[in-house]
Amino acid sequence: MNEVGIIRHDESEGLRFGKLMAECYYYMAKHIVEAMGEEQGAQVIRAALKEFGEDRVASMKREAAEKGVEVTDFEKYFTIRDMPDCGWINGDERGVVKQCLFHEVWKRYGDLGIKLGSYYCEIDYILYGGFGFHLDRPKNKCLGDDESVFFKAKLTSTASPVESIFSFL
């Protein structure tokens, strides 16, 4: 039986790329923390993720403009979302993730893999916030929960949903 977090040649290309991305992130984040220390390393990782997330939002917005899509709700967001869903298993309820492909890879590296993975999970605030959505995540597999839960709502004010996480940058 294939362990979910192990890369196998017979898996789909999308699944393999997702696992490779998660592994690459882990090793880069691990070496940043080792070289800079935990606190400063975490700041550098989060700064890089913030920039990466903002670039992804800009790219998705360009695609939306090219297609004439105004992203006003989640259905429209998912028509231009850049990340494929392969490797994730959703629960019965909308917004519940039972299996996260990245988490499956990161947990192979123990507590450090999970902790570094939790920094990556913060990118979702940037991605949704970039389109004016507020994300509330009461559960996160990388923070020890048995599932990840995403509650999303359209913002009604101009407050940035990412300010609290990335305020130190």
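Q: At what angle do helix α1 and helix α5 pack?
A: In this predicted model, helix α1 covers residues 13-36 and helix α5 covers residues 110-121. Their axes lie 10 Å apart. The packing angle between α1 and α5 is about 100°.

Q: Are α1 and α5 roughly parallel or roughly perpendicular to each other?
A: Let's put the angle to use: α1 and α5 pack at about 100°. Angles of 65 to 115 degrees count as roughly perpendicular. The two helices, α1 and α5, are therefore roughly perpendicular.

Q: How many nonpolar residues are in the contact of α1 with α5?
A: From α1, the contact draws on Met21, Tyr25, Tyr26, Ala29, Lys30 and Val33. From α5 come Leu112, Gly113, Leu116, Gly117, Tyr119 and Tyr120. By class, there are 2 polar residues and 1 charged residue, and the nonpolar ones number 9.

Q: In what order do the elements of the protein chain run from the N terminus on?
A: The chain has 7 helices and 4 strands. Read from the N terminus on, these elements follow the order α-α-α-β-β-α-α-α-β-β-α.

Q: What is the order of the strands in the open sheet?
A: Start with β1 and β2, which run antiparallel and are joined by 2 bridges. Next, β2 pairs with β4 in the antiparallel sense over 2 bridges. Then β3 and β4 pair, also antiparallel, over 5 bridges. Put together, the open sheet of 4 strands has the order β1-β2-β4-β3.

Q: Which strands stand at the edges of the sheet?
A: The order in the sheet is β1-β2-β4-β3. An edge strand here has a single partner strand, so one side of it is left without a neighbour in the sheet. The strands that fit are β1 and β3.

Q: Which residue in the turn of the β1 and β2 hairpin has a positive phi?
A: Strand β1 takes in residues 89-90 and strand β2 residues 96-99. The two form a hairpin with 5 residues between them. In that turn, a positive phi of about 90° belongs to Gly95.

Q: Which residue in β4 is the bridge partner of Val97?
A: Val97 has a bridge partner on the β1 side, as it is matched with Asn90. Turning to the pairing of β2 with strand β4, residues 148-154, the bridge partner of Val97 in β4 is Ser148.

Q: Which residue in β4 is the bridge partner of Leu135?
A: The pairing of β3 and β4 is antiparallel and spans 5 bridges. One of the matched pairs is His134 with Ala153 of β4. For Leu135, the partner in β4 is Lys152.

Q: Is Ile89 of strand β1 buried or partly exposed?
A: Ile89 is found in strand β1, and it touches Val97, Lys98 and Gln99, leaving out residues up to four places away in sequence. Its relative accessible area is 43%. Buried would mean under 20%, so Ile89 is partly exposed.

Q: How far apart in space are Phe151 and His134, C-alpha to C-alpha?
A: Phe151 is found in strand β4 and counts as partly exposed at 47% relative accessibility. Beyond four places in sequence, Phe151 touches His134, Leu135, Asp136 and Pro138. Phe151 and His134 are 17 residues apart in sequence, and their C-alpha atoms are separated in space by 8.1 Å.

Q: Is Leu101 buried or exposed?
A: Leu101 has its place in helix α4, residues 101-106. Leaving aside neighbours within four places in sequence, Leu101 is in contact with Leu15, Gly18, Lys19, Cys86, Gly87 and Trp88. A relative accessible area of 1% is under the 20% cut-off, so Leu101 is buried.

Q: What distance separates the C-alpha atoms of Leu101 and Val4?
A: Leu101 can be placed against two other residues. Ile89 is 12 residues away from Leu101 in sequence and 8.5 Å away in space, C-alpha to C-alpha. Val4 and Leu101 are 97 residues apart along the chain, and their C-alpha atoms are separated by 7.6 Å.

Q: What percentage of the residues of the protein chain count as buried?
A: The protein chain exposes about 9,800 Å², of which carbon and sulfur atoms supply 52%. Among contacts with a separation of 6 or more, residues 24 or more positions apart account for 55%. Of the 169 residues, the share that counts as buried is 43%.

How values were computed
Residues are numbered from 1 along each chain as its sequence is written. This is a predicted model: local features need pLDDT of at least 70, side-chain atom pairs count only at pLDDT 80 or more; totals for chains, interfaces and linings use all residues. Side-chain values use heavy atoms; hydrogens and water are left out. Axes are lines fitted to C-alpha atoms, for helices over the stretch in contact, and angles run from 0 to 180 degrees between N-to-C directions. Angles under 35 degrees count as roughly parallel, over 145 as roughly antiparallel, 65 to 115 as roughly perpendicular and the rest as oblique. Contact means heavy atoms within 4.5 Å. Ala, Val, Leu, Ile, Met, Phe, Trp, Tyr, Cys and Pro count as nonpolar, Asp, Glu, Lys and Arg as charged, and the others, Gly among them, as polar. Buried means under 20% relative accessible area, exposed over 50%, partly exposed in between (1.4 Å probe, protein chains only). Accessible areas come from the Shrake-Rupley method with a 1.4 Å probe; for residues, only the protein chains shown count as cover. Two strands pair if DSSP finds at least two bridges between them.
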